[in-house]
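Hi there,

Here is the structure I promised to pass on to you. Have a look at it first, and then read on for my notes.

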Amino acid sequence: MWNSQEPLKLLLTMPTHLTGENVQNLQAVIDVDKMLNSQRLKRDLCGEYAPFCDFCDKSVRYPCAHAYVKMKHAEGLDVEVPEEVYNSFKLEEAEKEIAVAEETVSEAVVEAPKKRIRIAVAKKAR
């Protein structure tokens with residue numbers, strides 16, 4: 001379902017210690033594919049989109065990119081997000097609430113069924 005090649009191609013062009021910009025770019029590549037698959041399946045795939053979802057930490061910005069890097073590091077790839085970069089992406093409580101609210105809204109939009117309305121005009125018999 002997910003395009004595993006594009007994030008890997010991008011990751012292999014990056015340094016072994018990723019910067020904040022590297023993490024943002026990686027998230028953008030993952031988001032495009034996740035959004036296309038979510039639209040195709042008509043549901044939000046957050047948490048079940050790819051194998052790296054098992055490594056997800058929603059307390060940081062760009063959770064997919066961080067999870068992907070953690071998965072690749074666990075697989076033996078020499079890549080990591082330095083602790084200071086990771087900590088700079090930590091969400092504050094208010095930001096977490098906003099992120100959860102936005103996710104709920106996006107789920108509602110993706111899962112909303114399409115309804116048709118039929119309008120009929122009746123004529124009074126004489």
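To start with a small puzzle: is Glu 48 buried, partly exposed or exposed? Glu 48 counts as partly exposed, because its relative accessibility is 44%. Before I go further, please keep in mind that this is a predicted model.

**Overall picture**

The protein chain has 126 residues, and 29% of them are buried. Its secondary structure amounts to 5 helices and 0 strands, so written from the N terminus the order of elements is α-α-α-α-α. About 9000 Å² of the protein chain is exposed, with 54% of that coming from carbon and sulfur atoms. Among the contacts with a separation of 6 or more, 65% are between residues 24 or more positions apart.

**Salt bridges**

Searching the whole structure turns up 3 salt bridges. Glu 48 takes part in one of them, with Arg 43 as its partner and an N to O distance of 2.7 Å. Arg 43 is partly exposed too, because its relative accessibility is 33%, as against 44% for Glu 48.

Another salt bridge joins Glu 6 and Lys 9, whose closest N and O atoms are 3.3 Å apart. The two residues are 3 positions apart in helix α1, which means that about one helical turn separates them. Glu 6 is partly exposed, with a relative accessible area of 37%, whereas Lys 9 counts as exposed at 51%.

Lys 72 and Glu 75 form a salt bridge as well, and here the closest N and O atoms are 3.0 Å apart. Lys 72 counts as buried because its relative accessibility is 14%. Glu 75, at 52%, counts as exposed.

**How the helices pack**

At what angle do α1 and α3 pack? Helix α1 (residues 5–12) and helix α3 (residues 63–74) pack at about 75°, and their axes are 12 Å apart. Helix α1 is therefore roughly perpendicular to α3. Where they meet, α1 brings Pro 7, Leu 8 and Leu 11, while α3 brings Tyr 68, Val 69 and Lys 72. Lys 72 is thus a residue to look at twice: it meets α1, and it is also the salt-bridge partner of Glu 75.

Helix α3 packs with α2 too: their axes cross at roughly 105° and come within 8 Å. These two helices are therefore roughly perpendicular to each other. On the α2 side the contact is made by Val 23, Leu 26, Gln 27, Ile 30 and Lys 34. On the α3 side, Pro 63, Cys 64, Ala 65, His 66, Tyr 68 and Val 69 take part. Tyr 68 and Val 69 appear in the contact with α1 and again in the contact with α2.

**The loop between α2 and α3**

Phe 52 sits in this loop. It is buried, because its relative accessible area is 1% and the cut-off for buried is under 20%. Which residues does Phe 52 touch, leaving aside those up to four places away in sequence? They are Trp 2, Ile 30, Cys 64, Ala 67, Tyr 68 and Met 71. Phe 52 and Tyr 68 are 16 residues apart along the chain, and their C-alpha atoms are separated by 5.2 Å. Ile 30, Cys 64 and Tyr 68, all touched by Phe 52, also belong to the contact between α2 and α3.

Two residues of the loop may interest you for their backbone. Lys 42 lies in the loop between α2 and α3 and has a positive phi of about 60°, although it is not a glycine. Tyr 62, in the loop between α2 and α3, likewise has a positive phi of about 60° without being a glycine. Lys 42 counts as exposed at 59% relative accessibility, while Tyr 62 is partly exposed, with a relative accessible area of 22%.

**A nonpolar patch**

Finally, to the surface. Val 32, Met 35 and Leu 36 form a nonpolar patch there, and together they have about 280 Å² of accessible area. Met 35 belongs to helix α2 (residues 20–41) and counts as partly exposed, because its relative accessibility is 44%.

Happy browsing, and best wishes!

Technical notes
Residues are numbered from 1 along each chain as its sequence is written. This is a predicted model: local features need pLDDT of at least 70, side-chain atom pairs count only at pLDDT 80 or more; totals for chains, interfaces and linings use all residues. Side-chain values use heavy atoms; hydrogens and water are left out. Patches are made of residues with over 30% relative accessible area and no salt bridge: like charges are joined within 9 Å, nonpolar side chains (Val, Leu, Ile, Met, Phe, Trp, Tyr) within 5 Å. Accessible areas come from the Shrake-Rupley method with a 1.4 Å probe; for residues, only the protein chains shown count as cover. A salt bridge is a side-chain nitrogen of Lys or Arg within 4 Å of a carboxyl oxygen of Asp or Glu. Helices (H or I, at least four residues) and strands (E, at least two) are DSSP runs, numbered from the N terminus. Buried means under 20% relative accessible area, exposed over 50%, partly exposed in between (1.4 Å probe, protein chains only). Axes are lines fitted to C-alpha atoms, for helices over the stretch in contact, and angles run from 0 to 180 degrees between N-to-C directions. Angles under 35 degrees count as roughly parallel, over 145 as roughly antiparallel, 65 to 115 as roughly perpendicular and the rest as oblique. Contact means heavy atoms within 4.5 Å.
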